[in-house]
Amino acid sequence: MISRIAPILVATSSISILLTYVILSNNLPLSFLIYVIIITFGIGFFAFGSTFKHYFEIKEFLESRNLLISSKNELKAIEISVKNLIEELDKTKNSFKSILSAISELDVWIFEVEGDKIVKSMFSENILGIKDSETVGKKIEDIFVKFNPNGESEVKGKVKIVELKSSGNIFIARNIERRKNLERELALLKTVFEHSIDAIVLLDLDSKIVSWNKGAELMFGYKAEEVIGKPFTIIVPQEFHETCRKNFKKAILEGYAKDIESIRIAKNGEKIIVDQTLTSIYNEGELIGFVSIMRDITKRKEMEMKLLETCDELERKTNDLISLQRELEYLARIVETSNDAIYSVDAEGKIKSWNRTAEKLLGWKREEIIGKDSSILLPEEIKNETAVIMQRIRDGQRELRFETRRLTKGGEIISVDVTVSPLDNSGFSVILRPIADSLEKRMFRFNVERGRTYFTKDIYQAIEVLKDLKSFGYNAVIVSRRFPEEFKIDARFYWLSDQSMDFEGIYDFIATLEGWRNAVLIDLDYMLIKGKFNEAFTLIQKLRDIYYILNKGIIIVHSAVISKEGEALLRAECLEIKAKASAIPPEAFEILKLVYTKARFGEKLSIKDIMNELGVTRNTIKKRLSYLTEKGLIRVVKEGREKVIEITDEGKAIVIDAI
Amino acid sequence: MRFEIDVKKFTYAKNDIKILALLIMLGAIGFAVNTIDSGLDALFIAFFLGIVLGHFMGNEERHCVNRILKIMLPIAIALYGFNIYTPTLSINPEKILITIAISLTIFLSVYISSLKLGNTRDLSILLSCGSGICGLSAIAIISSIMKPKKYEFSSAIIAITVVGLICTVFYPVIAKLLFPEKLYLLAGSTLPQTGLVKISSSVFGNEEVEKALSIKSIRIAMIAVVAFLISFIYSEKRFYVPWFIVAFLTTAFLGSYFGTAEFLRIFSATLFASTLAGIGMTVDLKEIYRVGLKPLIAVSIGAITSFTIFILLWLGGVV
């Protein structure tokens, strides 16, 4: 204090002395001495102010902050106040250290920057993972990828994202990665909440709606602003209110409650089936509300119903299929055990299946024949039969029935009745039934046999044979000079004349007749009259051979005008027609055969049974039965209230003989 | 109708009268001292006494002083025009130019040095006007336009008075050694207050006093121009000259050309000194001395500069 006041006193004193000296030495008025006083006062006044300016500033500062204690001694008061201030500062410093210590526990980094360099650093390990001493001196660009003095920044450290706050050149970097992750999660959850197709409804403790997502809007038709603040029961039917209340109770007690296939009501009154999960929401252990997540299962339920129906349908069809399969197995067994020879041919004409009867009939074992061309079964003259059948199938014919012949493994040609049916694979199945020629032969009224040629001089006999054969389904063909009316039979006619008497043409006509059951009557009289015996004889020989080989039918040669030599030659080539003594009409024989067959299994047929079996009217059956009864082949006996037919021993003998 | 007396208002009015009486008394003392020794400026004496008394006054009394000053200051300025001397037409134009040049030099040197030393602009203008024109009266008049802080006003008055007194002591001594016949010009063109010019030049007789006052009157007349300029600079929106400045110029013109009654001159001087006493009462002494030596140094630089210029002019034979 003295060191400051002393210069002032010295200076002002010097000025005063100097001025006084000047005034006195120059004889200036003594009143000037008053001026010296004023001057000294003025200079001293300002010098004092200048010297103690800082003192006054400190005092005023303390006063303005109410830190100056009241004391008579101002200097003492300032001293104590400053000491108090320093003590307060020490306390603050300690507090600050405590705060820093606390801050060090947080994920923050405090640093000071001068220019672009870090000059001070605290807790850099929290963010950068390096010590403060290593951090100091580094440039901002060495540490920060993105430096935003008051905002989000990117750091090259163990933490990547920080939030910077600056105060002057001091910065605080706070780790906000966890916050960012939470924000991202929150945003994700918000997106899920907003865009979920499930209805997500937040409810308060009074079960009033506080949040209503887009899924809920789409599901129930209510906009959020329409339902916010309204009770949850707005979408619950009256009859489900009690269930709803129980669910809330369960959710409080157990944390959640599931409500499967519950009914809700949409804005338009439509009922919606939902699966609901009601979950309690807690904040710091306190229940703050509920969240109801509802999934619309209406369509799923409909689909389930349809699926159930489909399953039933499927089960029914499966059962049908099983039945069908059994039926097929049954049919397969039938096929396998059938008395008919059955085989199938593929689109390339190869044999694909072969049953046991076929083995027996045609001599080929299954393993031998499978894969072989079906033409192996055809005699030479009908090798193109398979091609013809396939063509007809391609033309749309569903079933072919005809009589033909087959070649056995042993080279024998047998007559068969063929039924051809197309298969799905463009192939076809063939059912072969050997034609009982002997039976047929025995059933004729005349003793004729297929494949044979007969000669007769009796035109009426010839016509009778022709009629008899026609009654058995033979195609009647007449080659004659006589008019067709004379024959009184429905037959194809080859009328002989000079122009038509072409032996080659006649041969072709007869040889190429379709089918295998042709009854051909050749009237040689006109040919012989025309003196063409040799050609006629040659014709007969050729026809006899071809009909024999091909078993195409029966040829009856007639001539009333033939010479003895010619007759002898013809008789040598042909057989004689003989009438049968006990010929039974085929329709009557059919009944006899049926009765015999049933009798073998101990069955006795009534008239009604025969009607049903043969599809013939009662009267016709009665007529045929009376014929057979008259012949002594059957007898009608009463069995209870019903008349049944029994076969006699004589009838049995005829049937056995015929078969 | 009810007749009520506002006791509070009445109390205030009673105090106002006491304070007004005190101010007039201080003004009268200042005037009396000035009459005895013109070197002791009436305004400074009154201001000094005001500061001393103000130190012992309470806030209530200071409020009274402020209320009184609001009315008294403009009136005092207006009437102070009667104390202004217009330049004598017989003065050599060359001397007028020299005086104006020296005044401007003082003005600029004080203004620039004050700003450089860190003083405020208002204080710098007050110091430069006080130094360059006519001391305390110029400061008082310009302050009424500028409305500076009171410590600025006070420190300007003290600094100018101190430097003016130093110059008053030294000028006769220097003049006696170098240019006894040019003292009137040195005093008239450089000393801030009229009283100081009078006392300084009186060393060489009354004739020198008259000549010095005639030179001083040129600088006094500049107050009119400066008042206009300051009004112009400090007008907030449009050019505006306060009424008391217009009145001051009018009274100065009337007093100069038609003469002023002695009592009116005494009254106006006393009233102006009373106003300065009032200002002194409202000033906080701490605020003044905290300004430090800077105003004093600025004014001293102005005084040294003006003296140097004068020496140079003398050496150059111009004066």
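This is a short dialogue on reading features of the predicted model above.

Trainee: What should I know before I start reading?

Mentor: It's a predicted model, where local features need pLDDT of at least 70 and side-chain atom pairs count only at pLDDT 80 or more, while totals for chains, interfaces and linings use all residues. Residues are numbered from 1 along each chain as its sequence is written, chains are lettered from A and ligands numbered from 1 in the order in which they are written, and side-chain values use heavy atoms, with hydrogens and water left out.

Trainee: How many salt bridges are there over all chains?

Mentor: General idea to begin with: side chains of opposite charge can pair when their charged atoms come close. The rule here asks for a side-chain nitrogen of Lys or Arg within 4 Å of a carboxyl oxygen of Asp or Glu. By that rule, the count is 39 over all chains.

Trainee: Which parts of chain A does the pair Arg179(A) and Glu163(A) tie together?

Mentor: Their closest N and O atoms are 3.5 Å apart. Arg179(A) sits in helix α8 (residues 177–195) and Glu163(A) in strand β5 (residues 161–167), so the bridge ties together parts 16 residues apart in sequence. Helices and strands here are DSSP runs numbered from the N terminus (H or I, at least four residues, for helices; E, at least two, for strands).

Trainee: Is Glu163(A) buried or exposed?

Mentor: Go by relative accessible area: buried is under 20%, exposed is over 50%, and partly exposed lies in between (1.4 Å probe, protein chains only). Glu163(A) has 17%, so it's buried, whereas Arg179(A), at 32%, is partly exposed. Both also belong to a salt-bridge network with Glu152(A), Arg174(A), Lys180(A) and Glu183(A).

Trainee: What separates Glu242(A) and Arg245(A) along helix α11?

Mentor: About one helical turn, because they are 3 residues apart in that helix (residues 241–254 of chain A). Their salt bridge has its closest N and O atoms 2.7 Å apart. Glu242(A) is partly exposed at 38%, and Arg245(A) is partly exposed at 48%. Try Lys223(A) and Glu217(A) too: their bridge is 3.9 Å, N to O, with Lys223(A) partly exposed at 44% and Glu217(A) buried at 15%.

Trainee: Which residues form the nonpolar patch on the surface?

Mentor: Patches use residues with over 30% relative accessible area and no salt bridge; like charges are joined within 9 Å, and nonpolar side chains (Val, Leu, Ile, Met, Phe, Trp, Tyr) within 5 Å. Here you get Leu321(A), Leu324(A), Leu328(A), Tyr330(A), Leu331(A) and Ile334(A), with about 570 Å² of accessible area together. Of these, Leu331(A) is in helix α12 (residues 298–337) and is partly exposed at 39%.

Trainee: At what angle do α3(B) and α10(B) pack?

Mentor: Axes are lines fitted to C-alpha atoms, for helices over the stretch in contact, and angles run from 0 to 180 degrees between N-to-C directions. Helix α3 (residues 59–80) and helix α10 (residues 243–258) of chain B pack at about 25°, axes 6 Å apart. That makes them roughly parallel, the label for angles under 35 degrees.

Trainee: Where is a positive phi found in a residue that isn't glycine?

Mentor: One of them is Asn66(A), with phi of about 55°. Asn66(A) lies in the loop between α3 (53–64) and α4 (74–105) of chain A, and is exposed at 69%. Glu261(A) has a positive phi near 50°, but that residue lies in strand β9 (residues 256–265) and is partly exposed at 36%.

Methods:
Areas by Shrake-Rupley, 256 points an atom, 1.4 Å probe, with all protein chains shown as cover. Parallel < 35°, antiparallel > 145°, perpendicular 65-115°, else oblique.
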